[in-house]
Amino acid sequence: MAQAHPEYKNILVIHFGQLGDVVLGMPAFKAIRERFQDAHITAIVGKVPDQVVRLSGLMDEVVMVDRVDLRDGPKLRSIAKIIALTRMVRSRKIDLVVDLHSLAETNILAFLSKAKHRLLANRENRSLDRLSNFQPKPPLEDKTKHLSERYMDVLSPLGIDGPAGTFLLRGSAEDAAFVTTKLAETDRKTVGLFPGAGHPSRCWPLENFAALAERLSAEDIRPAVFLGPEEAGMRDKVAEIFPDETVIVDGLSIPQFIAAAARLDAFVTNDTGPMHLAACAGAPIVLLLDEQAPITYLPLTDEISIIQSGNIAEITVDEAYAATLQRLRNDKSHGA
């Protein structure tokens, strides 16, 4: 029997996924906001995605939970933080909990919230489905679907249908002004390069990125290498082997990175979280992948070229260069 859908006054949305997972969940956040326009919606997310959800402006309140600290910190302190989080959630008198990502710990938090309605993503071997009480239940996660569509499936019992679509984010005027100190204005096209990734097996060789930068520079295209905290150790090597005119951009917050990406004419990248941010900023993407990488986690953009090989190191500079030039020719003034 289908469950009646009251106009919930207080909704809690939980998503403890990594940065890219949460970015791909933003269409679902938007759909919840549009469906329940008068509700007070609180989101609980991890430490890094916190900035993305705040920047979207879709939630009335965003609560950040440092999952790594809870896992690796002193046990007594972690227990105290969990108790405090549970009390905080209960104090909001939540009517509906939506757990988009569904891990055992987030399912337990949903149960402890004392919310009358608990809609939890149904993930085989990942979620505690018995703690969900929403009828009808969402379908079992279909891993053949794009991740953003899987999140939309979770919302189908709420009468929310339709494709996920693209999702755009914009940095503030202050972020844009700060980025100008790192990435000066120019009449030349600028191509961003992101040589990092969460695992070495997903990284195109740094020397290939340098060779691509040389090719671009020879065509009067400015290369800009972006380095996040995990790529800090690359800076000296980048300065050594890349063309002298290469702009090295590091030390950016997530909103500042989005403001910078909005000014790029293309973004050449490994499969990593910043790729999703750049896509949401409107930058055309050239994505370098090995053939084993799933395509169900592609960024939310129609402006993307994908180069795959059996091993990412086998992708040639010529291939990346040709794809980048094609993206530049297809530029539709995304930053306008």
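This passage goes through the overall build of the chain, then a surface patch and the cysteines. The structure is a predicted model.

Starting with the overall fold, the protein chain comes with 13 helices and eleven strands. Its radius of gyration is 21 Å, close to the 20 Å that the globule rule gives for 336 residues, so the chain is as compact as a globular protein of that length. Along the principal axes, the C-alpha atoms fit in a box of roughly 65 × 40 × 35 Å. As for burial, 55% of the 336 residues count as buried. Among contacts with a separation of 6 or more, 62% link residues 24 or more positions apart. On the outside, the chain exposes about 15,400 Å², and 52% of that area is supplied by carbon and sulfur atoms.

Part of the surface is a nonpolar patch, put together by Leu76, Ile79 and Ile83. Taken together, these three residues offer about 320 Å² of accessible area. Leu76 sits in helix 5, which spans residues 75-91. With a relative accessible area of 73%, Leu76 is classed as exposed, because the cut-off for that label is over 50%.

Turning to the cysteines, a search of the whole structure turns up zero disulfides. Cys280 has 0% relative accessibility and so counts as buried. Cys203 comes out at 19%, and since buried means under 20%, Cys203 also counts as buried.

Technical notes. Residues numbered from 1 in each chain as written. Predicted model: local features only at pLDDT ≥ 70, side-chain atom pairs only at ≥ 80, totals over all residues. Heavy atoms only, no water. Patch = residues over 30% accessible without salt bridge, like charges linked within 9 Å, V, L, I, M, F, W, Y side chains within 5 Å. Areas by Shrake-Rupley, 256 points an atom, 1.4 Å probe, with all protein chains shown as cover. Salt bridge = Lys/Arg side-chain N within 4 Å of Asp/Glu carboxyl O. Helix = DSSP H or I, 4+ residues; strand = E, 2+ residues; numbered from the N terminus. Buried < 20%, exposed > 50% of the residue type's maximum accessible area, 1.4 Å probe, protein only. Rg over C-alpha atoms; globule rule 2.2 N^0.38 Å. Contact = heavy atoms within 4.5 Å. Disulfide = S-S within 2.5 Å.
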